[in-house]
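User: Please take a close look at one part of this structure and explain, for a first-year student, how its strands are joined.

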Amino acid sequence: MADLAKKYGVTPGTMDYVSLGPGRIVKLPPPPAPVAGARRHRRTAPSALEAALLDTVHRHHLQALAMMDRENVGRHARGMVLAGYAYGLHDPACNIVANCLWYDAVFPASSSQEEELQPMFLSCKAIFRLARRSLVAFITAWAPSLSAEEAISYLSRSHGNLHRAAMLVEREGVSHAMSMDDAFRAAILAARLPSDAAREAQFWFMVNCAPTDDFLAKHGISGHPLAFGSSDLSSDSNASTVILDFVKSAVSNLALTPPTPSSSSLSRGAYRALRIKRHGFKMDQEFCLNIVNLAIEKLFSQFGEPYQIHLLCGQTLLTLPSGSYYHVNFLASREGEPNQLFFAEVRASLKGVDDVTLCCPVALSAGTGGCFACEFKGMKLIHPVQEEFNGQLDHIKDRDPKMVELFKKDPTTGLNVPLFDDYIFFETDQHPEVTAFLEINYSSMSDDQIDLSLLWFGNYLP
C-alpha cells in the first residue's frame, strides 16, 4: 500500500487532485491528529446562501444540456461530466457548453470506448458536483481580501455569472489582481480536472480564448436567453453548433501537446472494481430509463404525440407516509421541437402508466418548486412550481430533531471520491488520478473482499 501511495503521489484511501501542470504540484497536508478530549466536528452542510447559489448553477448546467440536440447531448455527456464547469467570461450556460466541447475536442475518447459506451444518463450527484466546484475559488483568487462567504454573496448577486461578479467586485472598490490568470488557475485547480495535462490545456484555452464576446455576439449567443434570469432557456440548435465551431477553431490555434499514451494496465483488483462500478452505472441508467419510459407513455396519452428522450438527469426514491415514489428529471422533445426539461413522479411499484402520478415540463427559472423529501435525501432535482406532488409537505417537522439530523443527507456527501459517472468514461491514459484511486483502494483486495466492499453501494457483477 505504501509503495502504491508513493508511486501515484497520493494518500491511501483518498484522491489527490492538487497538481496543476508539471512543476506545480501542491500536496495536501495530512489531517491533524485529534486532540485528547476534543469534540469531533462533522463536516457542515452548505450555508443557506451557498445552497441557493448551488441551486442556481445547477440550473445553468441543465440549461446547457438543454441547448444541445439529441445527438450532441449524448456525444458530449463525457465532456460534461469531466469538464463542464461554469467558469469563463461569458454567461454560465455558454461557459459550460464551451468547456464541455473543449474537453472532448482536446482529449477525445478512444475509439473502443466510443463504440462501447453510449450513456444517456447523468446522475444528480454528477450534475451537482459540477455546480459546486471552482466558482468561489476564482473570485477569492482574483480578490484575495474577500472571504469565501463574501465571494458567494457576489456570485449570488450575479446569478453565478463570473463576469458579472467580477464587475460587481470592481464597481464596489474591492481590491483585486490586475490579471485573471491566477484566478483561472485557482478555478481550474478547484474543478479537479482528470489530469495534469487537462489542467494545463484548460488554462491555455482560457488565457488565449477568453475574449470571445464579439465572436459569440455575431452569432446571437451573447445576450441570448443563455444569460440566466432574462428568460427561460429555449433550446436553440444553432447555439451549440456555433459554440462547437468556435471551440474547434480555438483549439486548432493552440499548441497543445497530447498526453503520452501509457502502456500500464490496471491490476486484477482495480479492474474488477472498475467493472462492478461500470455495471452499477449501467444498471442505474437502465432502471431510470424504465421509469422515464412510463412517463413518456403518459405524455403520449395526454397529448397524442410521441416524445423522444434525450437525456436522463437523475432520479431518487422517496419513502413517505403516503407511499413510495420516484422523482426524476429528464430532457425530451417532440419531433422538430426544442429540448424541454421534464419532472415525473412515479409510484415505486412501476406496474404501468397508471403509476405515473405526474409528468410535466419544468421551467429553468429562479422559482422552482421545493421538495422536502428530495432535500432530506440530499438529492438535487428540479420540481414544478404550480403542480402538486408528494414530498412537498415537511414530513419530518414533528420528528425528533436529533434523529432528523442523524438521517438527513448532506448533498455534498460523496463528492470527494469518483462517482459512477466518472468510471463509465474512465481511461487509464487520460485519468491517472482515478487510476491511483482504484489501485490504492482495491489492488490488495481479493475478489470476495472487493465484492463485499462494493455491496454497500448496491453493485453486483453481471
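Analyst: Strand S1 (residues 307-320) and S2 run antiparallel and are joined by 11 bridges, where two strands pair if DSSP finds at least two bridges between them. Strands themselves are DSSP runs (E, at least two residues), numbered from the N terminus. This is a predicted model, in which local features need pLDDT of at least 70 and side-chain atom pairs count only at pLDDT 80 or more, while totals for chains, interfaces and linings use all residues. Residues are numbered from 1 along each chain as its sequence is written, and side-chain values use heavy atoms, with hydrogens and water left out.

Between S1 and S2 there are 2 residues, and the two strands form a hairpin. Within this pairing, Leu311 stands opposite Leu331 in S2.

On to the next pairing: S2 is also joined to strand S3 (residues 340-347), in the antiparallel sense, over 8 bridges. Here His327 has Glu345 in S3 as its bridge partner. S2 and S3 form a hairpin as well, with 5 residues between the strands, and in this hairpin Gly336 takes a positive phi near 80 degrees.

As for its surroundings, strand S2 (residues 323-334) is mostly covered, since 10 of its 12 residues are buried, where buried means under 20% relative accessible area, exposed over 50%, and partly exposed in between (1.4 Å probe, protein chains only). When following the strands by eye, it helps to remember that in a regular strand the side chains alternate between the two faces of the sheet.

How values were computed. Helix = DSSP H or I, 4+ residues; strand = E, 2+ residues; numbered from the N terminus.
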